[in-house]
Amino acid sequence: NSSVLRFTVAGDDPIVGDLQRPNKIWLRERWGFVLDTFQIQQVRPSGRGDSTTIEVECHGAITQLAEEPIVEYVGADIPIVEHIDALMALQVRDNPLGTGEIDPVVGAVSMPLYSFDTNIHAMLLQMQAALPKADRGHIYVDPQRNLRWSLIIGDQSEQVITPESNVYALS
């Protein structure tokens with residue numbers, strides 16, 4: 001799940017005191033640019049004695065949309081980008097997310113959309129699932145708190161992540 005970040009730190013690490021809600025974890029790429037921010041949700045000890053570790057679970061900003069209720073939404077056969085604008089206008093929480101760039105290939109697809117007793121995040125996933133697999137792309141919230149839907153995310157040729165070489169206990 002791209003909106004959840006889990007990691008483990010040593011129980012005696014000085015950072016443990018800062019690992020509490022509502023603090024945030026900033027995920028940066030190697031040049032320091034922010035890729036995403038995550039709010040700490042759960043911190044729990046694991047292990048015993050000298051081998052005690054702390055397991056941390058954080059949720060990305062997009063999970064805020066899972067807390068935005070939709071009683072009923074009936075959308076005509078209109079482009080996805082118009083559905084997104086309508087859904088984002090229904091946010092009721094403080095500090096609502098904005099709407100950023102929606103890939104034109106995705107945004108131009110027209111579809112009817114109906115749902116009740118759900119949330120904005122679930123409706124975004126419903127639209128994504130209705131698209132052909134090659135056109136589903138990635139839905140995320142950028143560091144400026146804008147919802148984005150992209151088919152391609154940056155140049156992947158430089159990004160190499162391998163277990164136990166530069167990433168530890170990340171899921």
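In this predicted model, Arg-93 is partly exposed, its relative accessible area coming to 32%. That value falls between the 20% limit for buried and the 50% limit for exposed, so the in-between label applies. The side chain of Arg-93 is taken up in a salt bridge with Glu-67, and the closest N and O atoms of the two are 2.3 Å apart. This contact ties together distant parts of the chain: Glu-67 sits in the loop between strand E4 (53-60) and strand E5 (69-79), while Arg-93 sits in the loop between helix H1 (80-88) and strand E6 (98-102), with 26 residues separating the two.

The salt-bridge count for the model comes to 5. Another of these joins Glu-101 to Arg-148, with 3.6 Å between the closest N and O atoms. Here too, distant parts of the chain are linked, since Glu-101 belongs to strand E6 and Arg-148 to strand E9 (residues 146-150), 47 residues apart. Arg-148 has a second acidic partner to deal with: its side chain also meets that of Asp-142 in a salt bridge, at 3.6 Å from N to O. Through these shared partners, Glu-101, Asp-142 and Arg-148 end up in one network. As for how open these residues are, Arg-148 counts as partly exposed at 22% relative accessibility, whereas Asp-142, at 9%, counts as buried. The cut-off for buried is under 20%, which is why the two residues get separate labels.

Turning to the sheet, four strands make up an open arrangement in the order E1-E4-E3-E2, with antiparallel pairing. Strand E1 (4-10) and strand E2 (24-28) take the edge positions; each has a single partner strand, so one side of each goes without a neighbour in the sheet. On average, and ignoring direction, neighbouring strands here are turned by 35° against each other. In general, strands of a sheet pair through backbone hydrogen bonds, in either a parallel or an antiparallel fashion. For E2 and strand E3 (residues 34-46), the pairing is antiparallel and runs over 5 bridges. Within it, Lys-24 stands opposite Gln-39 in E3.

At the other edge of the sheet, Ala-10 is found in strand E1. Ala-10 is partly exposed, with a relative accessible area of 38%. Although Ala-10 and Glu-55 are 45 residues apart in sequence, their C-alpha atoms are 9.0 Å apart in space.

On the surface, Val-74, Tyr-114 and Phe-116 make up a nonpolar patch of about 360 Å². Of these, Tyr-114 lies in strand E7 (residues 110-119). The model has 1 aromatic pair by count, and it is formed by two members of this patch, Tyr-114 and Phe-116. Their rings are 6.2 Å apart from centre to centre, with 45° between the planes, and the pair is tilted. That angle lies between the 30 degree limit for stacked and the 60 degree limit for edge-to-face, so neither of those labels fits. The two partners also fall into separate accessibility classes: Tyr-114 counts as partly exposed at 46% relative accessibility, while Phe-116 is exposed, with a relative accessible area of 53%. The line between the classes is drawn at 50%, so Tyr-114 and Phe-116 land on opposite sides of it.

Note on methods. Residues numbered from 1 in each chain as written. Predicted model: local features only at pLDDT ≥ 70, side-chain atom pairs only at ≥ 80, totals over all residues. Heavy atoms only, no water. Pairing = 2+ DSSP bridges. Axes fitted to C-alpha atoms, helices over the stretch in contact; angles between N-to-C directions. Salt bridge = Lys/Arg side-chain N within 4 Å of Asp/Glu carboxyl O. Buried < 20%, exposed > 50% of the residue type's maximum accessible area, 1.4 Å probe, protein only. Patch = residues over 30% accessible without salt bridge, like charges linked within 9 Å, V, L, I, M, F, W, Y side chains within 5 Å. Areas by Shrake-Rupley, 256 points an atom, 1.4 Å probe, with all protein chains shown as cover. Phe/Tyr/Trp six-rings, centres within 6.5 Å; stacked < 30°, edge-to-face > 60°.
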